[in-house]
Amino acid sequence: MFSEFYKPSSVQEAVSLRSRLALSAYLGGGTILNTLTYTKEVPEEEQAQALISLSALDLKKIELTDSQLIIGAGLTHQELLESDKVFPAIKEAAAYMVNRNIRNMATVGGNVALRASTCNLASMLLALEAQVELMKADGTTSIVSIADYNANGHPQDLILSIRVSSERGARKFASRRYVRTQNDISILAAYAVVKGESDKIEDINLVMSGVAAHPMRLTQIEKNLKGATLPKRDDLVEQIRPLLHPLADIRGGVAFKREVGAQIAAWTIYKAFGQL
C-alpha cells in the first residue's frame, strides 16, 4: 500500500507534492488512512501509495474575532474541546468523535476532507454554514462554502482552515445521534442551528447525517419552517420521513433508518427551540 513518505516543511511544498504524485494523500491524524477500513472501502488501484505528512506545517491556528472563528485544519478534536474560543455547537459535535484516544489524533481538516455522512463535526459545520480555506497547487488560496466542498470535493487542494461567522456561532442549536455503542460512529445524527422562537421561526438550518453519501441539509424543511410556528412533533416527523433516503447496511435497513432519522431530526428541532 504505502511505499513513499514525505514530510514537507511548507504548505506550498505539500500541495506541489500532492499535484505531482498521482496516488498520494495528505496525512493529518491518520485515523482513516491507518485503518483496515481504508483498504476495504477504497479500490486497490485508487489507494494512496505516497503519504504527505502535514505534521511540520503550521495548521493549528485558532482565532476568534468579532466577525468570525478561524480554526486551523491541523487542530485535533480534543484541542477544539479544550479551547475557550470555540463555539458550543462545534464542541458538542467534536465530542461525538468516538473516544479521547481518537479525538487526540483526528483533525478538523481530515474530518471535513473525508466528506463522509458519518462525520459529526463536518455535519455541524454545514449547519453553521462554515467556509473552507484551500491552498491550490499554484500557490493561490480560495475560500469555498462547506456545502460546495461536500458536493464537489477538492482532493488536490490542502485545507488550511475552517471559518464560521460569529453571528451563526452564537445562535441556538441542538444535535442528537443514534449509535450502537458510545465507542462507535454515528449511524444517524441530526443538527439544528436556529434563530427566533418556537412561535415565530426566523431561520433554521437542519442537517442530517447517515441518510446520504455526504451530510445533507434538509432545505425543504427549512423553507417550510421559516417564518412559521413550530408544528407538532408528529407532524414534523411526517414531513421529514419521505425526504430521507438512507442505504441499508449492517447497521440497519432503509425503513428503520428513515424512521429513526425522522424522529431524531424532529427531536433536535424541538430541543433547539427550548421545547424539551
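Lys and Arg count here as positive and Asp and Glu as negative, while His and the chain ends are not counted; the place of a charge is taken as NZ of Lys, CZ of Arg, CG of Asp or CD of Glu. The structure is a predicted model, in which local features need pLDDT of at least 70, side-chain atom pairs count only at pLDDT 80 or more, and totals for chains, interfaces and linings use all residues. Residues are numbered from 1 along each chain as its sequence is written, and side-chain values use heavy atoms, with hydrogens and water left out.

**Stop 1: the whole chain**

Begin with the entire chain selected and the charged side chains displayed. There are 31 positive and 30 negative side chains, and the centres of the two sets are 4 Å apart. Along the principal axes, the C-alpha atoms fill a box of roughly 55 × 45 × 30 Å. The radius of gyration, taken over C-alpha atoms, is compared with a globule rule of 2.2 Å times the number of residues to the power 0.38. For 276 residues a compact globule would have a value near 19 Å, and the chain, at 19 Å, agrees with this.

Next, colour by secondary structure. Helices (H or I, at least four residues) and strands (E, at least two) are DSSP runs, numbered from the N terminus. The chain has 12 helices and 12 strands.

A surface display comes next. Accessible areas come from the Shrake-Rupley method with a 1.4 Å probe, and for residues only the protein chains shown count as cover. The accessible surface of the chain is about 12,800 Å², and carbon and sulfur atoms contribute 50% of this area. Buried means under 20% relative accessible area, exposed over 50%, and partly exposed in between (1.4 Å probe, protein chains only). Of the 276 residues in the chain, 50% are buried. Contact means heavy atoms within 4.5 Å. Among contacts with a separation of 6 or more, 62% are between residues 24 or more positions apart.

**Stop 2: strands S4, S5, S8 and S6**

Select residues 68-72, which form strand S5; 4 of these 5 residues are buried, so the strand is largely enclosed by the rest of the structure. Two strands pair if DSSP finds at least two bridges between them. Add strand S4 (residues 62-64), which pairs with S5 in the antiparallel sense over 3 bridges. The two strands form a hairpin with 3 residues between them, and Ile62 stands opposite Ile71 in S5.

Then add strand S8 (residues 158-165), which runs antiparallel to S5 and is joined to it by 5 bridges. Gly72 stands opposite Ser161 in S8, and the bridge partner of Ile71 in S8 is Ile162. In S8, 7 of the 8 residues are buried, so this strand is also largely enclosed by the rest of the structure.

Strand S6 (131-135) completes this selection. S6 and S8 run antiparallel and are joined by 5 bridges, with Arg163 in S8 as the bridge partner of Gln131.

**Stop 3: Ile162**

Centre the view on Ile162 in strand S8. Ile162 is buried, with a relative accessible area of 0%. Leaving aside neighbours within four places in sequence, its contacts include Leu69, Ile70, Val108, Val112, Leu125 and Val132. A C-alpha to C-alpha distance of 11 Å separates Ile162 from Lys60, although their positions lie 102 residues apart in sequence numbering.

**Stop 4: the open sheet S9-S10-S11-S12**

Now select the 4 strands that form an open sheet in the order S9-S10-S11-S12, with antiparallel pairing. Strand S9 (172-178) and strand S12 (216-217) stand at the edges with a single partner strand each, so one side of each has no neighbour in the sheet. Strand S10 (residues 188-197) pairs with strand S11 (residues 200-209) in the antiparallel sense over 9 bridges.

Which residue in S11 is the bridge partner of Ala189? The partner is Ser209, which is buried at 1% relative accessible area. Not counting residues up to four places away in sequence, Ser209 touches Ser117, Ser123, Ile187, Leu188, Ala189 and Tyr191. Ser209 and Pro246 are 37 residues apart in sequence and 9.4 Å apart in space, C-alpha to C-alpha.

**Stop 5: two loops**

Finish with two residues of positive phi. Arg115, in the loop between helix H6 (108-114) and helix H7 (120-127), is a residue other than glycine with phi near 60°. Glu129 lies in the loop between H7 and strand S6; its phi is about 55°, although it is not a glycine. Glu129 counts as partly exposed, at 34% relative accessibility.
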